[in-house]
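Hi,

Here is the structure I promised to pass on. Have a look, and then read my notes underneath.

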Protein chains: 2
Amino acid sequence: MKIVAKRLPLYTGGPDIVVLGKEHATELDLHPMDRVYVTNPDDQSKSLTAYLHFWHEANPVLGVFGNTFDKLGIEDGETVSISPAPKPNSIAHIIDKMNRMQLSEAQIFEIVRDIVDNKLTDLEIASFITSIYMGGTTLDEATSLSKAIAETGDVLKFDSEIVADKHCSGSVPGNRTTPIVVSVIAALGITIPKSSSRAITSPAGTADVMEVFCKVAFNRDEIKKIVAKTNGCIIWGGGLRIAPADSKIIKVRKPLKADPEGLLMSSILSKKYAMGATHIILDIPLGLETRYKNIGEARLLERETVLIANKLGMKASVVITDGDEPIGSGIGPILEAIDVLKVLQNDDDAPQDLREKALLVGGRLLELIGLDKFDYEGSGADLMSSVLSSGSAYEKFKQIIEAQEGDPEVTVEQLKKRLSEHTFDIVADSSGMIYDIQNPIVAKVARLSGAPKNPGCGIYFHHKFGGNVSKGDVLATVYCGNPDKMQRTKRTLESNKMVFIK
Amino acid sequence: MKIVAKRLPLYTGGPDIVVLGKEHATELDLHPMDRVYVTNPDDQSKSLTAYLHFWHEANPVLGVFGNTFDKLGIEDGETVSISPAPKPNSIAHIIDKMNRMQLSEAQIFEIVRDIVDNKLTDLEIASFITSIYMGGTTLDEATSLSKAIAETGDVLKFDSEIVADKHCSGSVPGNRTTPIVVSVIAALGITIPKSSSRAITSPAGTADVMEVFCKVAFNRDEIKKIVAKTNGCIIWGGGLRIAPADSKIIKVRKPLKADPEGLLMSSILSKKYAMGATHIILDIPLGLETRYKNIGEARLLERETVLIANKLGMKASVVITDGDEPIGSGIGPILEAIDVLKVLQNDDDAPQDLREKALLVGGRLLELIGLDKFDYEGSGADLMSSVLSSGSAYEKFKQIIEAQEGDPEVTVEQLKKRLSEHTFDIVADSSGMIYDIQNPIVAKVARLSGAPKNPGCGIYFHHKFGGNVSKGDVLATVYCGNPDKMQRTKRTLESNKMVFIK
């Protein structure tokens, strides 16, 4: 059926939606929540499958949600074609998995491609995830899944024998090792094109922190140019079409809070594979509030990850770290950028826990690559440390900032001036040792203060885990976006204790 | 947050949706596809959980989809309260089931209640269904599920020791035994308040056929009055709040085409339980195109259904029937109504297969109730036959029509006048015996012709399975809604053979 399309001032942030009059729906034998195939007649490649909503009264036009309209690439008032969407074949494969059959690589590719092409609905994706959760995945299935998630998006290739990468399973505020590790490894002549994420529920992602220094959104060609010049980059992965199925799967599995291991590994490994990585290090923080709570779980993940990475032609290693306390002194984009800069500049005031964690993670990555490549006889961490101390990592970081169109000469003092002026202090209510800083409260307070949207917001810790304080000492300073946010942040701290002293 | 609500001229036929400006969403830390709790300040009981869409530009009001607006019971421009919806506890129970734990009655009630209250999204319901499909259900779980689905809606009670009911697992066009069985059983003095469905994907549901004679939408009190007067009724279940969770679950499991047995039995039994049934007969047609394809599957369903029904305090019996051919001569609301009337009137021209099937199903129901109650020594089918032949079943049917506000004196001739005038014949292309009539094609053609929306449309078979025909004989007449539909129906028949002769 041909019908005039009209852009609606609505969007969903996810599913595609079109709105049809009941009379047209009846003609096409369509019911509420059915799927319709919408075609741009001038550009068939921009066709898509959308959910159907209805006009309350007779209406001759097709209402198109803003997010859907943009994908169709049409003009307001242009005529499009609609028809009932055919049932995708991949539903049969999902049912196979529900029936505990092993899926072939071809079947898995068909499912993943239909996810990317919006042909499967959230509920079908949820069934797929649940079937993997309950039925498990074989190593072959997990490998196919990683490959499919990567290859249904862009895959980058670099002209280097070794392409290094790192990943952290997250949930530790301030854990900003990436800019440090990338700078050292790139300074050693190794290609390390690092794509990072922005914060979703945390106070800052690596991309948010890097954006304090320079641009982070680049396309494939630009990234290749940057890396050709500097060996490394730290960019925002969302600007690329890297593993587009992954974000769609995450949107569905997040509300379930049930992450099948097979999917989790595929999520990580597909992105590394798509970035052309050959050697990858995984940082798995263990803690009461992190994703992995005990060493057994982490070891299992390690074993499987290494095996699947090998099947994908990559070498992988895992480092299990302490995830119970924040890393570094600052939480929030600019505050974390300051920490990073201090470590790279070998500042006396640099947070030692952040430096040490970077040495550990980067050191293991260097050992995986092979220290003989660098004619070095100490440990990986020692090599990391010597490159950091020599200042060549800082030089490399400045090159990367410059290549990413930032100001390489930016100083800690200049960054401090960009912090928010609405601050208040958190004061010790007793004397003793700090024996716990609650990560979830840290993240909540830093977000309430305004981070990451306002990069100058967040928390600066004057004292950290293990430190001795006296009653009345300033434990931390909170930088808030405005007086309103300051009030709300203070109220939250009244009912949520963040720092524990005994 | 308090915000002015504005009704949008949109509806979904399912999920509740509200539309918020980005600025308000940020303030409440809400993201696309998050859920919001919306409260009518004058009537807290009308609060609901809705999905969030966004305005494309800054907009101070809350857009409310029509279906959601009506549930809230507010006026256009009234102020409502919105807040981020808390995660329902039942998600934890769903994850328990994904982890293969047995769920308690309380956990199952919580899940079902959250489905009814729209607190679970489609994707969470899909995970629940998948977890039941893969993990199975114990008898206790299936019993709790049936009870929960019934008791989260209306449950009817009748002042009779015996309340009879019947169910058919469907997919056989023309299988309209219900009005016949209900009339006989009610004539025997047994309470039989039958709720039926309208067609969704078939050419006619029992409610559509009954609507040819009289009204079918009644509320609880009206049904009680009708049944008090006549012992029986044949009404549309959709007019009641019977097992409201069931239709929501069906909407999610239908696209998956994967119906866990546990859910299927709960779907059937919950509705009987809610109608106050004590004795139920299940008609399971076996066939190549019906839900059950072999006797083993059907026997398993029988065993489990009887056990669960007993746990729910009901007696149940199953009759397995032939589901490969249509039943009766007419397909479509009025054509099926004519068949029913002919059987009840003991017309010489009445379709004998419909009569015999009604005797079989109704007879088994009478045997389950106990033939001693009727001082009868033959079989249940014989008793059915004698009540039919005596004319007292037809008298009872007329009473029911009258109680349901129809014309009890309506004749077959009057009904024939209401058939559509746009007809064409399907003619035998060879001589021989009819050895197959393809049910899926029958249903497709009858729907294309205009049934059930236009009750006068459908197919009338002049010859049926096993009949001998000569080339050129009229096999069937198709009644179409208009010349357009006639063309489309003819085209479909060109590529889809309906009647096979050899």
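Strand S2 (residues 10-11) of chain A pairs with S5(B) in the antiparallel sense, over 2 bridges. Within that pairing, Tyr11(A) sits opposite Phe54(B) of S5(B). Do bear in mind that this is a predicted model.

On the wider interface: 35 residues of chain B are in contact with 34 residues of chain A. On the chain B side, the elements that put in two or more residues are strand S2 (10-11), strand S5 (48-55), helix H3 (90-98), helix H5 (122-135) and helix H10 (244-256). H5(B) gives the largest share of that side, 10 residues. Sorted by class, the side of chain B that touches chain A has 18 nonpolar, 12 polar and 5 charged residues.

The other thing I looked at is helix H11 (residues 261-274) of chain B. With 14 residues at 1.5 Å a residue, H11(B) should span 20 Å, and its end C-alpha atoms are 20 Å apart, which agrees. H11(B) is also largely enclosed by the rest of the structure, because 12 of its 14 residues are buried. Among them are Leu263(B), Met265(B), Ile268(B) and Leu269(B), and also Lys271(B) and Lys272(B). What do the buried residues of H11(B) pack against? Their partners in chain B are H5, helix H6 (139-151), strand S8 (164-168), H10, strand S11 (279-286) and helix H12 (295-311). So that you can find the spot: just after H11(B), Gly276(B) has a positive phi of about 80°.

Cheers

Key. Residues numbered from 1 in each chain as written. Chains lettered and ligands numbered in written order. Predicted model: local features only at pLDDT ≥ 70, side-chain atom pairs only at ≥ 80, totals over all residues. Contact = placed C-beta atoms within 7 Å. Helix = DSSP H or I, 4+ residues; strand = E, 2+ residues; numbered from the N terminus. Nonpolar A, V, L, I, M, F, W, Y, C, P; charged D, E, K, R; others polar. Pairing = 2+ DSSP bridges. Expected span 1.5 Å × (residues − 1). Buried ≥ 20, exposed ≤ 12 C-beta atoms within 10 Å, placed from the backbone.
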